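Welcome! Here are some short exercises, each with a worked solution, to help you find your way around.

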Number of protein chains: 2
Amino acid sequence: MTMKQPAAKARITTPAEREIRIERIFNASRDRVWQAFTDPKLVAQWWGRGNKLVIEKFEPKRGGHWRFVEHGDDGVNGFEGRYREVTPPERIVQTFEWDGMPGHVIIETATLEDLGDGRTRLVNISLFHTTDERDGFLQSGMEGGMNESYAALDKVLAAMG
Amino acid sequence: MTMKQPAAKARITTPAEREIRIERIFNASRDRVWQAFTDPKLVAQWWGRGNKLVIEKFEPKRGGHWRFVEHGDDGVNGFEGRYREVTPPERIVQTFEWDGMPGHVIIETATLEDLGDGRTRLVNISLFHTTDERDGFLQSGMEGGMNESYAALDKVLAAMG
């Protein structure tokens, strides 16, 4: 008898000089993961890693904008961007900008792959304007925050069952 | 006896694979050119090249947003972005995005140089995420539109005298 394998930890690589690639497997169907990414009520439950998240704008369609404000112990942080492409249930391309570095824009391409066994692989490629911006982002503690968000997403996905 | 030299035409070069550099000299002081770039009433008179320009948002300071909608014979075109840096009277760094290609973001760094003879040199560097986006922009007819805007700006500057 074997235990069901736990979801893999996010794998971070730098495949090109201005890119970060993140891969993470979720124990949920692709439709369910898609829903957790595009339903604002669900997004509010995991994106902020347990912090209060105010969704000021959320228009997941080509040309639409998004803006989230996270209220954490270390203060208030705003994030915003715009959708370049939204193709259910497999691909979202959007810009990402943190209020602390306004005008520094990341292009995020998130792809969801149905693994055929009830699990879904998320691959997220972040493209920066410069290598310095990418390296600064890597050193910002983003990895810890991201893993906290994905752990919270695991719980949201399980609760959707 | 010599005639006063007319303002030079904009010079466009591609100094790096993801960049466009534009240089243009204006027959006006740097303070006057700065004002024409940062006073919305003046911007509305030249940015749209004679077309009606609706300034929906204009917050020229770090972190502020801008959004202009141009009503031309060929339709309505929206443009928007955010300020990374605004340093009077010499430097503006902002993002630039056209509604027709949402999520394709250009970083524009505009520098004004006082030439000491009553003229001002504008140098604008545009940085793209990819060379394809830069080349598409170059082929979009942007050069004609830009020269029309700068010719309109010449008139606004002269009228400020």
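**Exercise 1.** Find where Arg49(A) lies and describe its backbone and exposure.

*Solution.* Start with the place: Arg49(A) sits in the loop between α2 (40-46) and β3 (52-58) of chain A. Helices (H or I, at least four residues) and strands (E, at least two) are DSSP runs, numbered from the N terminus. Before going on, note that this is a predicted model, in which local features need pLDDT of at least 70, side-chain atom pairs count only at pLDDT 80 or more, and totals for chains, interfaces and linings use all residues. Residues are numbered from 1 along each chain as its sequence is written, chains are lettered from A and ligands numbered from 1 in the order in which they are written, and side-chain values use heavy atoms, leaving out hydrogens and water.

Next, the backbone: Arg49(A) is not a glycine, yet it has a positive phi of about 60°. Last, the exposure: Arg49(A) has 31% relative accessibility, so it counts as partly exposed (buried means under 20% relative accessible area, exposed over 50%, partly exposed in between; 1.4 Å probe, protein chains only).

**Exercise 2.** Locate the cis peptide bond that involves Pro89(A).

*Solution.* The bond joins Pro88(A) and Pro89(A), with omega at about -10°. Now place it: Pro89(A) belongs to the loop between β5 and β6 of chain A. Then turn to chain B, where a cis peptide bond joins Pro88(B) and Pro89(B), with omega about -10°.

**Exercise 3.** Describe the contact between chain A and chain B.

*Solution.* Begin with the residues: chain A gives 23 residues and chain B gives 23 residues, where contact means heavy atoms within 4.5 Å. Together the chains bury about 1800 Å², 49% of it on carbon and sulfur atoms; this is the accessible area (1.4 Å probe) that two parts lose on being put together, summed over both. Arg82(A), Pro102(A) and His129(A) supply 37% of the area that chain A buries against chain B, more than any other three residues.

**Exercise 4.** How many salt bridges are there between chain A and chain B?

*Solution.* The count is eight, taking a salt bridge as a side-chain nitrogen of Lys or Arg within 4 Å of a carboxyl oxygen of Asp or Glu. For one example, look at Arg82(B) and Glu97(A), whose side chains meet at 3.2 Å, N to O. Finally, β5 (75-87) and β6 (91-98) of chain A are the elements that give two or more residues to the side of chain A that touches chain B. Of these, β5(A) gives the most, with four residues.
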